[in-house]
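Biologist: I should like to request a close look at a single part of this protein, explained for a first-year student. Please choose one strand and describe its surroundings in a connected account.

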Amino acid sequence: MRKRERENPCGVCGHYHKYEEGEVCGICGHRIPVSSEKTSIQVSAFPSEILPDFLYLGSYDNASRSELLKTQGISRVLNTVPACQNLYKNSFTYHCLQDEVTLQFDDANQFLEQCEKDKARVLVHCMSGRNRSPAVVMAYLMKSRGWRLAQSYQWVKERRPSVQLTEAVSQQLQEYEQKIFGSIDNNTPAQPIFQSVAAPLFNIGFPKINDPPPVPTFNTVSAPSIFERQPTSIPPNEFTFGAIPGQNDIAGGPANANPPSSTANDIQMDSS
């Protein structure tokens, strides 16, 4: 037996006692998760709250933790799998669906409606909390809230991301939607999915399939650059560095402003 190195408080009952990772609490039966699975087990240890202070969705593992259910104020349990045992009949009010293949939505809704009238918190569960019990919760939302299947699915999926409906269960939900509303929502596929907002596409110079062919850049007139030198009307050969202006000087130009003197080579000295 490995040495117990530390005391750990139970995450459910809060009792301090020595037990290692992966072992079960002797008070409430809660198992402390090992490091590699700590996140997933801690999340799955608590059922998902679908409607505040009333409707909870979870797995058989959630339903087997009586102390955890009591801390959340849950007093009634709807079991959607006949093979699952109802473990705490002296502590909770159970209602079990008897058909293993076809989900009895009307039977489940009657029980849930009574729970809501009594203001009692109820847990709806199956084995994993991914297929049968989420479908029963969606059927109740359609019946009691008047939501279509797509909206009910999105509401449940946002609160319990692990939901994965099978094709058979999705078909039963669509048939129940048609029974309630008289028609099936055309926007609802066989397996409802989230309609996420499309992210903007990043174009890195590659044309998309439906885009028109780009106009060649050499046929377009571009804006003048601030560094572009404006053309001058004076030919460059008119200017000669250090040369004496000749006959081709432009009238009124800088070269004619001071006409050459006959004594250009004489240096004027100050007589004073």
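Modeller: The account below begins with the whole chain, turns to one strand and its partners, and ends with some individual residues.

The model is predicted. Its protein chain contains seven helices and seven strands, and along the sequence these elements follow the pattern β-β-α-β-β-α-α-β-β-α-β-α-α-α. Of the 272 residues in the chain, 32% are buried. Contacts between residues at least 6 apart in sequence can be divided further: 54% of them join residues at least 24 apart. The strand chosen here, β7, offers examples of how segments distant in sequence are brought together in the model, for Arg-121 and Gly-73 are 48 residues apart along the chain, yet their C-alpha atoms are separated by 6.5 Å.

Strand β7 comprises residues 121–125, and four of these five residues are buried. Two other strands pair with β7. One of these partners is β4, residues 55–58, which is parallel to β7 and is joined to it by four bridges. Within this pairing, Gly-58 lies opposite His-125 of β7. The other partner is β5, residues 74–79, which also runs parallel to β7 and is connected to it by five bridges. Here Ile-74 is placed opposite Arg-121. As a general point, the side chains of a regular strand alternate between the two faces of the sheet.

Arg-121 belongs to β7 and deserves separate attention. Is this residue buried, partly exposed or exposed? Arg-121 counts as partly exposed, because its relative accessibility is 24% and the buried class is limited to values under 20%. Apart from neighbours within four places in sequence, Arg-121 is in contact with Asp-53, Phe-54, Tyr-56, Gln-72, Gly-73, Ile-74, Ser-75 and Arg-76. With two of these residues, its side chain also forms polar contacts. The side chains of Arg-121 and Asp-53 are joined by a polar contact of 2.9 Å, and the side chain of Tyr-56 is reached by that of Arg-121 at 3.3 Å.

These two contacts lead to the neighbouring hairpin. Strand β3, residues 48–51, pairs with β4 in the antiparallel sense over three bridges. In that pairing, Glu-49 has Tyr-56 of β4 as its bridge partner. Tyr-56 therefore has a bridge to Glu-49 as well as a polar contact with the side chain of Arg-121, by the 3.5 Å limit that defines such a contact. Three residues separate β3 and β4 in the hairpin, and Asp-53 is located in the loop between these two strands.

The backbone of Asp-53 also merits notice. Most residues other than glycine have a negative phi. Asp-53 is not a glycine, but its phi is positive, at about 60°. Its relative accessible area is 47%, so Asp-53 is classed as partly exposed. A further example precedes β7 in the chain: Lys-119 is in the loop between α4 (105–117) and β7. Lys-119 likewise is not a glycine and has a positive phi, of about 55°. With a relative accessible area of 75%, Lys-119 is exposed.

The cysteines provide another subject for reasoning. How many disulfides does the structure hold? There are zero. For Cys-126, the closest cysteine sulfur belongs to Cys-84 and is 7.7 Å away, which is too far for a bond, because a disulfide requires two cysteine sulfur atoms within 2.5 Å. Cys-126 is buried, since its relative accessibility is 3%. The closest cysteine sulfur to that of Cys-96 is likewise in Cys-84; the distance is 7.9 Å and therefore also too far for a bond. Cys-96 is buried too, with a relative accessible area of 17%.

One last residue takes the account to a helix. Lys-157 is part of helix α6, residues 149–159. This lysine is buried but has no salt bridge, and the nearest side chain of opposite charge, that of Glu-158, is 11 Å away. Its side chain does, however, reach the backbone oxygen of Val-163, at a distance of 2.7 Å.

In review, β7 is mostly covered and pairs in the parallel sense with β4 and with β5. Arg-121 of this strand is joined by a side-chain polar contact to Asp-53, a residue in the loop between β3 and β4.

Definitions and conventions. Residues numbered from 1 in each chain as written. Predicted model: local features only at pLDDT ≥ 70, side-chain atom pairs only at ≥ 80, totals over all residues. Heavy atoms only, no water. Buried < 20%, exposed > 50% of the residue type's maximum accessible area, 1.4 Å probe, protein only. Pairing = 2+ DSSP bridges. Lys, Arg positive; Asp, Glu negative; His and termini not counted. Salt bridge = Lys/Arg side-chain N within 4 Å of Asp/Glu carboxyl O. Polar contact = N/O pair within 3.5 Å; in protein donor to acceptor, adjacent residues only side chain to side chain. Contact = heavy atoms within 4.5 Å.
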